[in-house]
Amino acid sequence: MIGRTISHYKVLSPLGSGGMGVVYEAEDTRLGRHVALKLLSAEACCDPQAMDRFLREARIVSSLSHPHICTLHDIGEHEGQQFMVMELLEGESLKRRIARGPVPVDDLLDLAVHIADALDAAHSHNVVHRDIKPANLFITKRGQAKVLDFGVAKLAESGRDADDLARTMAAAEVTTAGSTVGTVAYMSPEQARGQELDARSDLFSFGVVLYEMATGKHPFTGATPAVIFEGILTKTPPRPSELNASIPPEFDRIVAKALEKDRETRYQSAAEMRADLKRLKRETETSRTAVAASTATRTLGAPAAVSTRAVTGRRALFIGAPILTAAVIAGMVMWQSQRAPALTARDTVVLADFTNRTGDSMFDNTLSEALAVQLRQSPFLKPRLLRNKFKPTARNRSSPPWEALRRASGSVSANRSRRCSDTTPGSRKQPRRRSRHSKRTARA
Ligand SMILES: Nc1ncnc2c1ncn2[C@@H]1O[C@H](COP(=O)(O)OP(=O)(O)O)[C@@H](O)[C@H]1O
Ligand SMILES: [Mg+2]
């Protein structure tokens, strides 16, 4: 197939395959862009029902325009070969991603919100996907989830589920050595029973996918479809957090609600599930920010007087100012270290004055002191306060801030400029510096 031209699409390389056929990367020779070309398999081309599904998928997808649903560009037939032209997605299927292990919680929640959003869009158009599984979900290089393959999707008022179930069962990939992976493993209890399906069936399958993303494992396993069905219909899997300690308990609750056997007690809509996932995402981000802030405060050691008070806007500024200043100093030190030798025991960090904008005179002169106390805890830093010595002047402002600091700090300036000149290639001071360094090393 590679190198062949189907209509005006030149087939370049295979991207993946599924129950309906093979998907290739192809070049649209008219528009000069690359696309994904799905070719209906030879057997499917002779099967009127498969043809029907193919066309149904095309109609359904073209009716759904959503950032997390793969866009359909065109369909056609070339020398008896049915094809579908889609946007080319760069990345990998969720199936391939999960094969490498569980998805980290942050990424997992981002992708979960995207998928819930796509399902909400489909369901609001009365489309039930009915084959939500990792092979039909794609993660782009930019971390966006895309729902693919509406081949067994159904418009709510049409089609008979039991017939489709039989076809899906026939297409299930059942492996031999005790592990069964395939469409049946993602079926809802009502789908397993061959009952009429609605949007809530997709939410059960989505719950199975979320479980697998979080743990790398299926919630319902077995050597045969019958054993898997037994699990789907009767068993409660271990909580995801029991298999992956980084999973928050709220995620367990969301998955448990999606995996309710009785659809009346399950999530009733993708929008409801999306809201819970979004809330959890926000809480995870907020708690991470709080932990990062408290770690930074502990590292820099905000004074006890502050830590025992409620952190009001002014107190937050009090804590934030040393952190910000430390970051600025660290940045200056790093900048310097790229052009000058690394810091040694002889180097000094200069702390200029802080402007106390809290409006509380209690903090006058205490901000730089507090930061200096904390910096002194490091054996590598020798902070020096420049209280009231450094005043911004027109000259200061026209040169980089560290030049002004050097001028204001006298001996520090001399020390640093000597060290800078030592780095000049061929400098006559180079041997002297080396001997000073060896003396220090010998003393140590
Ligand atoms: N638009 C696309 N861009 C890139 N890869 C795709 C695209 N569509 C499908 N694929 C790849 O092909 C595989 C099969 O696609 P799918 O639409 O599920 O086909 P089938 O209907 O045969 O199951 C997917 O798992 C994915 O890896
Ligand atoms: Mg598929």
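Helices and strands here are DSSP runs numbered from the N terminus, a helix having at least four residues and a strand at least two. In these terms G3 is found in the segment before β1 (5-6). The model is predicted. Its chain has 444 residues, of which 32% are buried, and is built with 18 helices and 13 strands. Among contacts in the chain with a separation of 6 or more, 61% are between residues 24 or more positions apart.

**Surroundings of ligand 1**

- The shell around ligand 1 consists of 21 residues, and the closest are G16, G18, M20, A36 and D149.
- Two or more residues of this shell come from each of the elements β2 (9-17), β3 (21-28), β4 (33-40) and β6 (81-87).
- Strand β2 gives the most, with three residues.
- Sorted by class, the shell around ligand 1 holds 10 nonpolar, eight polar and three charged residues.
- Both domain 1 (5-87) and domain 2 (91-294) take part, each giving at least three residues to the shell around ligand 1.
- D149, one of the closest residues to ligand 1, is placed in the loop between β10 (145-147) and β11 (154-155).
- D149 has a positive phi, near 55°, and is a residue other than glycine.
- D149 counts as buried because 22 other C-beta atoms lie within 10 Å, where 20 or more are required.

**The nonpolar core and helix α7**

- The largest nonpolar core contains 78 residues, and L37, I115, L210 and A258 have the most contacts inside it.
- Helix α7 supplies the largest share of this core, 10 residues.
- This core also spans the domain assignment, with at least three residues drawn from each of domain 1 (5-87) and domain 2 (91-294).
- Helix α7 covers residues 199-215, 17 residues in total, and its first and last C-alpha atoms are 25 Å apart, close to the 24 Å expected at 1.5 Å a residue.
- Helix α7 is mostly covered, with 17 of its 17 residues buried.
- A258, one of the core residues with the most contacts, touches L203, F204, F206, G207, L210, R266, Y267 and M273, residues up to four places away in sequence not being counted.
- L210 therefore appears twice, as a contact of A258 and among the core residues with the most contacts, and the cut-off behind the first of these is C-beta atoms within 7 Å.

**After helix α7**

- Just after α7, G216 has a positive phi of about 80°.
- H218 lies in the loop between α7 and α8 (225-234).
- H218 is buried, since 20 other C-beta atoms lie within 10 Å, and 20 or more is the requirement.
- Apart from neighbours within four places in sequence, H218 is in contact with A185 and E212.
- H218 and V208 are 10 residues apart along the chain, and 7.1 Å separates their C-alpha atoms.

**Helix α2**

- Helix α2 (residues 48-63) has 16 residues and reaches 23 Å from its first C-alpha to its last, close to the 22 Å expected at 1.5 Å a residue.
- The buried residues of α2 are A50, R53, F54, E57, A58, I60 and V61.
- An α-helix has 3.6 residues a turn, so residues three or four places apart point the same way.

**A buried loop residue with positive phi**

- R130 is found in the loop between β8 (127-128) and β9 (137-140).
- R130 is not a glycine, yet its phi is positive, at about 70°.
- R130 is classed as buried because 24 other C-beta atoms are within 10 Å.

**Exposed residues**

- G3, in the segment before β1, counts as exposed because it has 7 C-beta neighbours inside 10 Å, and 12 or fewer make a residue exposed.
- The C-alpha atoms of G3 and S13 are separated by 8.4 Å, with these positions 10 residues apart in the count along the chain.
- R279 is part of helix α11 (residues 270-300).
- R279 counts as exposed because it has 12 C-beta neighbours inside 10 Å, and 12 or fewer is the limit for that class.
- R279 and E250 are 29 residues apart in sequence, and their C-alpha atoms are 9.8 Å apart in space.

Notes: Residues are numbered from 1 along each chain as its sequence is written. Chains are lettered from A and ligands numbered from 1 in the order in which they are written. This is a predicted model: local features need pLDDT of at least 70, side-chain atom pairs count only at pLDDT 80 or more; totals for chains, interfaces and linings use all residues. A residue is near a molecule or strand if its C-beta atom, placed from the backbone, lies within 6 Å of it. Ala, Val, Leu, Ile, Met, Phe, Trp, Tyr, Cys and Pro count as nonpolar, Asp, Glu, Lys and Arg as charged, and the others, Gly among them, as polar. Domain bounds come from an automatic or database domain assignment. The expected span of a helix is 1.5 Å times one less than its number of residues. A nonpolar core is a set of buried Ala, Val, Leu, Ile, Met, Phe, Trp, Tyr and Cys residues joined through C-beta atoms within 7 Å. Two residues are in contact if their C-beta atoms, placed from the backbone, lie within 7 Å.
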